[in-house]
Amino acid sequence: MKTKICVYDTDFIYGKKFCNAAMRIMGSKYIFMYFKDIKSLNEFKVENDVKAIITNSNHIEEVRELDVDFYYILTENDQGFLKEGKIKYIYKYQKINKILEAIDGDIKKMKDSLKIANEKKSKLIVIYAPEKFKDYELVTKKFIKAMSKKNNILYVRTEEYENYKGNIGFSNLIYQFKEDNLTMSSIKHEIINDNVLGVDILHSVAYPEDYNVINNMDFCNILNQIRDIEYEYVIVSLDESYVKNQYLFIDSDRIILIREPDMKVANIFKSYIKSQNSKELKKITEIVIDKNDKNQIKDLVKGLTNG
């Protein structure tokens, strides 16, 4: 089945011309359809699986109400390819081939990423607090210990200063990945057993700037390769960055959102997830820390492993 891409522009001549040219160039892979009003586009989106919407800057807020994987905004000024979450800004007055190549590349990357994720042996759980609090690490370790009682797990730490100046950990995997030399053997070499927690653990980077060597997609791809090792669960403790972890949120099987009762920033995070892909909201299990509930973590683990 061909992927559907919608073009929304009040300029009828440009919109139809764009769709006709796009169909000639990439009609074997995509169906490009033109809409001159948001109501018609919305009605079509309800009945069809639309991957992307192409429009101009006047209609950004309108199209964001429609849940698709990519929004492409055609701009009057040439600023290269700028990306903000699911929105990519593309110069309007360039060869249409260049525009279509950018769109095709994004959709291919997304499909490849989802294919990789679906083939993994290990389920991926990410633990995220949009704002770290005093007992965050204590709560996380309780969760890890509870999960490990009946499951074979790997605990991955990715917080920037968790493994400062460490010799073994995520930094080595980053440089092996950049050299196209990341293997199962090299991943296993960086995994050690934590005697206190009683689980296998992969520590974070030696220096925070090591994360600058890779982009957000690379970060996700490294963690997806780690999932090839035969654990039942790979559990990743994340830092506070929304954007750095954006592809990992998509590939994860479950997002554990941990917060204290008065932490309003959690709502900002959920709004961010919705703006990226509202389908990921159903993955979120939100835990509001209650120090008086001694069974809170136990009940969380029971719900995850049974559901």
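A residue is termed buried when its relative accessible area is under 20%, exposed when this area is over 50%, and partly exposed in between. In the predicted model described here, Asp69 is buried by this criterion, because its relative accessible area is 12%. Lys51, the salt-bridge partner of Asp69, likewise counts as buried, with a relative accessibility of 16%.

With respect to overall architecture, the protein comprises 11 helices and 13 strands. Its radius of gyration is 22 Å, close to the 19 Å that the globule rule gives for 307 residues, so the protein is as compact as a globular protein of that length. Along the principal axes, the C-alpha atoms occupy a box of roughly 65 × 45 × 35 Å. Buried residues account for 51% of the 307 residues.

Salt bridges were examined next. The structure contains 10 salt bridges. In the one between Lys51 and Asp69, a distance of 3.5 Å separates the closest N and O atoms. Lys51 belongs to strand β3 (residues 50–56), whereas Asp69 is located in the loop between α3 (60–64) and β4 (70–75), so this pair ties together parts that are 18 residues apart in sequence. A further salt bridge is formed by Lys88 and Asp106, with the closest N and O atoms 3.0 Å apart. This pair links distant parts of the chain, since Lys88 is in strand β6 (residues 87–91) and Asp106 is in helix α4 (residues 96–118), 18 residues apart. Both Lys88 and Asp106 are buried.

A salt bridge within a single helix is provided by Lys141 and Glu137. The N to O distance in this salt bridge is 3.4 Å. The two residues lie in helix α5, four residues apart, which corresponds to about one turn of the helix. Lys141 counts as partly exposed because its relative accessibility is 32%, and Glu137 is also partly exposed, at 37%. Through salt bridges that share partners, Glu137 and Lys141 are joined with Arg157, Glu159 and Glu162 into one network.

The surface also carries patches of charged and of nonpolar residues. A positive patch is formed by Lys145, Lys149, Lys150, Lys298 and Lys302. Of these residues, Lys150 is situated in the loop between α5 (136–148) and β8 (153–157). The relative accessible area of Lys150 is 78%, and this residue is therefore exposed. Negative charge is gathered in a surface patch composed of Glu131, Glu160, Glu240 and Asp262. Within this group, Glu240 is placed in the loop between β11 (233–237) and α9 (246–251). Glu240 is classed as partly exposed because its relative accessible area is 37%.

A nonpolar surface patch consists of Tyr161, Tyr164 and Tyr207, which together have about 360 Å² of accessible area. Tyr207 is positioned in the loop between β10 (199–202) and α8 (216–226). With a relative accessible area of 35%, Tyr207 is partly exposed.

Notes
Residues are numbered from 1 along each chain as its sequence is written. This is a predicted model: local features need pLDDT of at least 70, side-chain atom pairs count only at pLDDT 80 or more; totals for chains, interfaces and linings use all residues. Side-chain values use heavy atoms; hydrogens and water are left out. Patches are made of residues with over 30% relative accessible area and no salt bridge: like charges are joined within 9 Å, nonpolar side chains (Val, Leu, Ile, Met, Phe, Trp, Tyr) within 5 Å. Accessible areas come from the Shrake-Rupley method with a 1.4 Å probe; for residues, only the protein chains shown count as cover. A salt bridge is a side-chain nitrogen of Lys or Arg within 4 Å of a carboxyl oxygen of Asp or Glu. Buried means under 20% relative accessible area, exposed over 50%, partly exposed in between (1.4 Å probe, protein chains only). Lys and Arg count as positive and Asp and Glu as negative; His and the chain ends are not counted. The place of a charge is taken as NZ of Lys, CZ of Arg, CG of Asp or CD of Glu. The radius of gyration is taken over C-alpha atoms; the globule rule is 2.2 Å times the number of residues to the power 0.38.
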